[in-house]
Amino acid sequence: MPKKVDHQAQRALIADALMRVAATRGLEAVSLRHVATEAGVSTGMVQHYFRTKDQMMIFALDMVSAGVQARLAAETGDQDVAPTPRDLVRGLLLQMLPLDEQRATEGKVALAFLSYAAVRPHVAAELRENTAQMRAFFADQIRATSPAERGVDPELAATALLALVDGLGVHVLGGHYSPDAALAALDQYLDSVLPAEATGPRPRADRTITPPAPRTVGP
């Protein structure tokens with residue numbers, strides 16, 4: 001009987017190898033051959049699952065996003081109360097900052113992917129759609145705290161949040177800021193658009209809001 005192959009696991013193995021190469025050597029060093037060597041498989045196997053480098057890159061970024069969303073779900077899933085809008089927004093943003101080794105690796109890959117996508121419109125479309133989803137999600141959470149009373153524009157505040165976390169991530173990766181300094185700056189801005197006193201804890205509901213999978217770009 002032929003041996004059953006877990007094709008999703010094989011794709012994940014290759015994507016993980018791609019991320020290690022991209023994080024340590026940059027995307028210019030990524031090729032099907034380099035990824036195959038890193039993964040310990042043949043170039044033919046890589047080509048079997050990914051016909052082009054673009055396909056491999058997009059799958060790898062999807063894997064990063066899925067991992068981030070899984071971590072966020074695990075952190076909020078065991079709480080006795082439903083997360084507040086501030087909890088949801090802050091939790092998602094923290095997953096996009098390089099606060100530990102795993103998130104730093106993801107951040108390096110995401111930054112490399114941004115450069116890669118800048119000259120490939122069809123690849124960049126993957127990022128634009130995800131960014132639009134996150135911006136809309138953040139705006140909805142900010143709007144839920146009655147920001148009009150404080151003169152906060154939800155869409156502009158959401159745009160600023162994404163720009164802030166992107167910039168903080170780049171500077172933490174470059175060693176310009178410490179993770180603690182980045183967290184302090186993020187929390188100060190959150191206080192202005194999602195003050196804690198306006199988003200007190202609520203009883204856990206049967207349905208909770210599921211944030212979109214972050215792109216970890218910035219990271």
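User: Why does glutamate 28 count as exposed?

Analyst: Happy to go through it. This is a predicted model, and in it glutamate 28 has a relative accessibility of 69%. The label exposed asks for over 50%, so at 69% glutamate 28 counts as exposed.

User: Where does glutamate 28 lie?

Analyst: Glutamate 28 lies in the loop between helix 1 and helix 2, and helix 2 covers 32-39. In sequence, glutamate 28 and tyrosine 116 are 88 residues apart, yet their C-alpha atoms are 8.9 Å apart in space.

User: Why does leucine 18 count as buried?

Analyst: Buried means under 20% relative accessible area. The value for leucine 18 is 0%, so leucine 18 counts as buried. Leucine 18 has its place in helix 1.

User: Which residues does leucine 18 touch, not counting residues up to four places away in sequence?

Analyst: Leucine 18 touches Val30, Val35, Met56, Met57 and Ala60. Also, leucine 18 and valine 109 are 9.0 Å apart from C-alpha to C-alpha, with their positions 91 residues apart in sequence.

User: How do you know that leucine 88 is buried?

Analyst: The relative accessible area of leucine 88 is 5%. With the limit for buried at under 20%, that 5% makes leucine 88 a buried residue. Leucine 88 sits in helix 5, residues 85-95. The C-alpha atoms of leucine 88 and threonine 76 are separated by 8.5 Å, and these two residues are 12 residues apart along the chain.

User: What makes methionine 134 count as buried?

Analyst: Its relative accessibility is 0%. Since buried means under 20%, methionine 134 counts as buried. Methionine 134 belongs to helix 7, residues 121-143. From C-alpha to C-alpha, methionine 134 and leucine 92 are 9.5 Å apart, while in sequence they are 42 residues apart.

User: What share of the residues in the protein is buried?

Analyst: Of the 219 residues in the protein, 43% are buried. For the surface, the protein exposes about 11300 Å², and carbon and sulfur atoms supply 54% of it.

User: What makes helix 1 roughly perpendicular to helix 6?

Analyst: Two packed helices are described by the angle between their axes and the distance between the axes. Helix 1 (residues 7-25) and helix 6 (residues 101-118) pack at about 80 degrees, and their axes are 8 Å apart. Angles of 65 to 115 degrees count as roughly perpendicular, so helix 1 is roughly perpendicular to helix 6.

User: Which residues in helix 1 and helix 6 meet?

Analyst: Met19, Ala22 and Ala23 come from helix 1, and they meet Thr105, Lys108 and Val109 in helix 6. By class, this contact of helix 1 with helix 6 has four nonpolar residues, one polar and one charged.

User: Why is helix 8 called roughly antiparallel to helix 9?

Analyst: The axes of helix 8 (residues 154-173) and helix 9 (residues 179-193) cross at roughly 175 degrees and come within 10 Å. Over 145 degrees counts as roughly antiparallel, so that name fits helix 8 and helix 9.

User: How many nonpolar, polar and charged residues are in the contact of helix 8 with helix 9?

Analyst: That contact divides into 13 nonpolar, no polar and no charged residues. On the helix 8 side are Ala157, Ala160, Leu161, Leu164, Leu168 and Val172. On the helix 9 side they meet Pro179, Ala182, Ala185, Leu186, Tyr189, Leu190 and Val193.

User: How many aromatic pairs does a search of the whole structure find?

Analyst: The search finds two aromatic pairs. In one of them, the ring centres of phenylalanine 50 and phenylalanine 59 are 5.5 Å apart, with the planes at 50 degrees. Centres must lie within 6.5 Å to pair, and planes under 30 degrees apart are stacked while those over 60 are edge-to-face. The value of 50 degrees falls in neither range, so this pair is tilted.

User: What makes the pair of phenylalanine 137 and phenylalanine 138 tilted?

Analyst: Phenylalanine 137 and phenylalanine 138 are 6.1 Å from centre to centre, with 55 degrees between the planes. The distance meets the 6.5 Å limit and the angle is neither under 30 nor over 60 degrees, so the pair counts as tilted. Phenylalanine 137 and phenylalanine 138 are both buried, and phenylalanine 50 and phenylalanine 59 are both buried too.

Conventions. Residues numbered from 1 in each chain as written. Predicted model: local features only at pLDDT ≥ 70, side-chain atom pairs only at ≥ 80, totals over all residues. Heavy atoms only, no water. Axes fitted to C-alpha atoms, helices over the stretch in contact; angles between N-to-C directions. Helix = DSSP H or I, 4+ residues; strand = E, 2+ residues; numbered from the N terminus. Parallel < 35°, antiparallel > 145°, perpendicular 65-115°, else oblique. Contact = heavy atoms within 4.5 Å. Nonpolar A, V, L, I, M, F, W, Y, C, P; charged D, E, K, R; others polar. Buried < 20%, exposed > 50% of the residue type's maximum accessible area, 1.4 Å probe, protein only. Areas by Shrake-Rupley, 256 points an atom, 1.4 Å probe, with all protein chains shown as cover. Phe/Tyr/Trp six-rings, centres within 6.5 Å; stacked < 30°, edge-to-face > 60°.
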